[in-house]
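Here are a few exercises to work through with the coordinates open. Try each task before reading its solution.

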Amino acid sequence: MSSMTESPEMLCWGGNPSRVVIIDDSRLKSAFLAKILMGMFEVSTFTSATEALPRLTDIDPRCILLDLERPGEDGFQTIHDIKSHPGMAHVPLILITATSDAETERRVLASGVADFVGNQFSQEIIRTRVMHQVELYNYRCALEERVREKTRNIEELQDAIMVGFSYLVEQRDLTTSGHAQRTQSYVRCLIRECLERGIYAQELTPELGMAIVRAAPLHDMGKVGVRDAVLNKLSALTSDEFEEMKQHPVFGATAVGRMIDALQDSAFLKVLRNMVLSHHERWDGTGYPLGLHGRSIPLSGRLMAIADVYDALISRRPYKDALTHEQAVLMISEGIGTQFDPILGHIFMECADEFADIAERLRPEKQQEQKEEENPAQ
Ligand SMILES: [Fe+2]
Ligand SMILES: [Fe+2]
């Protein structure tokens with residue numbers, strides 16, 4: 001059922017009565033307002049904004065009644081101060097004002113307050129107006145929380161799908177144990193450095209960075225479309241077999257493309273498709289499958305290219321020995337500007353030590369030991 005059918009009580013914060021703050025220099029008027037509202041709300045009163053502001057975040061009010069005309073304080077400045085205070089931007093403000101000329105009314109409405117009443121208010125009007133504002137605000141908070149929860153659920157679901165898919169890929173590709181997890185860690189390291197230094201800042205938002213890291217374990221998902229005889233061949237591939245292997249970015253991107261077609265909003269899947277399709281492209285345009293060049297290669301593919309090659313170089317394969325970390329760094333440094341994005345290549349050189357740590361922490365033998373500890377029966 002829609003949340004709008006639930007009773008307001010259901011939506012009160014933590015099940016406590018909603019808190020209301022009154023800021024009025026007249027203690028008499030404050031006490032009168034508090035008396036009207038008590039029983040329905042928890043009420044805190046202050047005689048000035050200077051006194052109230054430092055307490056607002058702790059009190060977490062659902063509505064603030066503010067006397068516009070207080071000696072020594074500019075009412076409109078107070079509105080601005082409250083709205084700029086942490087967590088207060090959307091808390092409804094009800095102004096109490098003695099002035100009812102058209103200019104004040106215009107300024108009050110333009111200042112973003114929720115409502116205003118004249119000094120000659122009745123108990124019922126105050127109670128009803130505060131109640132309406134508190135109800136609306138509580139609904140808004142509850143809806144925002146639900147949206148956050150749904151977003152969390154979707155992200156968890158995406159992560160779970162990533163984990164399941166990358167497990168499937170690793171079950172097929174017997175030669176590259178732990179590659180998905182290690183390349184994800186390398187990419188995370190490169191993205192953190194880029195964000196900290198503002199590199200590719202126009203393109204690389206923190207949200208895109210997060211999506212690229214989450215997509216990383218699946219960059220080779222298209223390998224499930226490569227025949228076992230090729231994927232797990234224990235010797236070097238023939239040129240025909242290599243041509244087949246080179247199709248894995250296309251297989252993977254086609255699969256993600258089908259998922260995208262089935263969805264209305266698929267920003268994350270587009271990031272995944274870009275990475276899956278472009279991680280074997282080269283900066284100089286001689287890569288595959290599309291022969292893209294320079295910055296026309298998506299950032300996710302340029303990042304993964306470095307992570308992928310580093311991991312391939314330091315890993316042993318049935319047809320080749322593992323290089324040392326130093327040899328791998330040297331080879332990547334020689335490919336900067338030809339195979340790899342020059343800016344990202346230099347970032348790699350600066351955080352290469354961290355790559356070595358990740359490689360050590362996630363090396364296949366260690367992962368195997370861990371698996372055996374977790375499942376001693378296997
Ligand atoms: Fe690949
Ligand atoms: Fe890979």
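**Exercise 1: a buried donor pair**

His219 has a relative accessibility of 1%, so it counts as buried (under 20% relative accessible area with a 1.4 Å probe, protein chains only; exposed is over 50%, partly exposed in between). This is a predicted model, where local features need pLDDT of at least 70, side-chain atom pairs count only at pLDDT 80 or more, and totals for chains, interfaces and linings use all residues. Residues are numbered from 1 along each chain as written, chains are lettered from A and ligands numbered from 1 in the order written, and side-chain values use heavy atoms, leaving out hydrogens and water.

Task: find which residues donate to the iron ion (ligand 2).

Step 1. Donors are N, O and S atoms within 2.8 Å of the metal (3.2 Å for Na, K and Ca); water is not among the atoms, so sites may look incomplete.

Step 2. That gives His179 (NE2), His219 (NE2), Asp220 (OD) and Asp308 (OD), at 2.0 to 2.3 Å from the iron ion (ligand 2).

Step 3. Check Asp308 too: at 8% relative accessibility, Asp308 is buried.

**Exercise 2: spacing and the second iron**

Task: work out how the donor residues of the iron ion (ligand 2) are spaced in sequence, and which residue coordinates both iron ions.

Step 1. Read off the pattern: H-x39-H-D-x87-D.

Step 2. Look at the neighbouring metal: the iron ion (ligand 1) sits 3.8 Å from the iron ion (ligand 2), and Asp220 coordinates both.

**Exercise 3: the whole chain**

Task: find what share of the 378 residues in the protein chain is buried.

Step 1. Count the buried residues as a fraction: they make up 44%.

Step 2. For overall extent, the C-alpha trace spans about 90 × 45 × 40 Å along its principal axes.
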